[in-house]
Amino acid sequence: MGKRRADKEAIVAALRESLGKSEGVLFADYRGLKVSELTELRHRLRQAGAQFQVVKNTLTRLAVRGLGLEAAERYLVGPTAVALADKDVAAPARVLQEFARDHKALEIKGGLLGTQVLSLEEIKTLAELPPRDELLARVLGSLQSPLVGAAGVLQGLLRN
């Protein structure tokens, strides 16, 4: 027995809200993965700050259209799972990339970063980025290094 219209509208509304709050969305074909492998993938993505959902393409299409993200419809062909990243999009992309390397059945289709459509190559590039904390540390280090150098020169002058 199929779902009632009210149930489907509730699913679309919840998905639209999740998509609206997400920084990034990744689409993947999960066909051929075992239930245990999907559970492992969901667990890894949850640790990376993302949720992984399998929703019917027609319902996802309705949610995407409601947000003005029609460009994502090209990824809604065949069995599609959606990974919703709340903050750092690179971490879930990295998890999906590593999981796809180990499990050939998982195929990353593409994604969204805000309203910008990401191709598979762009997702691979995003997955290769260092973690957010490391990037912030690098920026702070580069801002701090001239000050440390100047302080060292001034201390040298005082010592002499």
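Tutor: Helices (H or I, at least four residues) and strands (E, at least two) are DSSP runs, numbered from the N terminus. This is a predicted model: local features need pLDDT of at least 70, side-chain atom pairs count only at pLDDT 80 or more, and totals for chains, interfaces and linings use all residues. Residues are numbered from 1 along each chain as its sequence is written, and side-chain values use heavy atoms, without hydrogens and water.

Student: In which helix does S18 lie?
Tutor: Outside its neighbours within four places in sequence, S18 is in contact (heavy atoms within 4.5 Å) with Q51 and L84. The helix that holds S18 is α1.

Student: Is S18 buried or exposed?
Tutor: Buried means under 20% relative accessible area, exposed over 50%, partly exposed in between (1.4 Å probe, protein chains only). The relative accessible area of S18 is 17%, so S18 is buried.

Student: Where in the chain is confidence lowest?
Tutor: Confidence is given by pLDDT, the predictor's score for each residue from 0 to 100. The chain has a mean of 82, and 87% of its residues reach 70 or more. Helix α2 (residues 35-47) has the highest mean, 91, while a mean of 69 makes the lowest element α6.

Student: Why does low pLDDT matter to a reader of the coordinates?
Tutor: Helix α6 covers residues 132-159 and has a mean of 69. Where pLDDT is low, the predicted coordinates should not be read in detail.

Student: How many salt bridges does the structure hold?
Tutor: The criterion is a side-chain nitrogen of Lys or Arg within 4 Å of a carboxyl oxygen of Asp or Glu. Among the linked residues are R61, R65 and E73, which make up a network of salt bridges. The number of salt bridges in the structure is 7.

Student: How far apart are the closest N and O atoms of E9 and R5?
Tutor: E9 and R5 are both in helix α1 (residues 5-21), 4 residues apart, or about one turn of the helix. With relative accessibility at 46%, E9 is partly exposed, whereas R5, at 67%, is exposed. Their salt bridge has a closest N to O distance of 3.1 Å.

Student: What is the closest N to O distance for K21 and E17?
Tutor: K21 and E17 are separated by about one helical turn because they are 4 residues apart in helix α1. K21 has a relative accessible area of 58% and is exposed, while E17, at 49%, is partly exposed. The closest N and O atoms in the salt bridge of K21 with E17 are apart by 3.9 Å.

Student: Which residue meets D29 in a salt bridge?
Tutor: D29 counts as buried because its relative accessibility is 7%. Its partner counts as exposed, at 52% relative accessibility. The N to O distance is 2.9 Å, and the partner of D29 is R31.

Student: How many residues apart in sequence are the parts that the aromatic pair ties together?
Tutor: The whole structure has 1 aromatic pair (ring centres of Phe, Tyr or Trp, the last by its six-membered ring, within 6.5 Å; planes under 30 degrees apart are stacked, over 60 edge-to-face, the rest tilted). F27 and Y75 form this pair, which is stacked, at 5.7 Å between centres and 25 degrees between planes. F27 is in strand β1 (residues 24-29) and Y75 in the loop between α3 (57-66) and β3 (81-85), so the separation in sequence is 48 residues.

Student: Are F27 and Y75 buried or exposed?
Tutor: F27 and Y75 are the members of the stacked pair. Both residues are buried.

Student: What distance separates the C-alpha atoms of V64 and L15?
Tutor: V64 is in helix α3 and is buried, because its relative accessibility is 1%. Neighbours within four places in sequence aside, V64 touches L19, L69, E70 and A72. V64 and L15 are 49 residues apart along the chain, and their C-alpha atoms are separated by 8.7 Å.

Student: How far apart in space are L26 and A50, C-alpha to C-alpha?
Tutor: L26 belongs to strand β1 and counts as buried at 2% relative accessibility. Beyond four places in sequence, its contacts include A81, V82, A83, L96 and I123. L26 and A50 are 24 residues apart in sequence, and their C-alpha distance is 9.9 Å.
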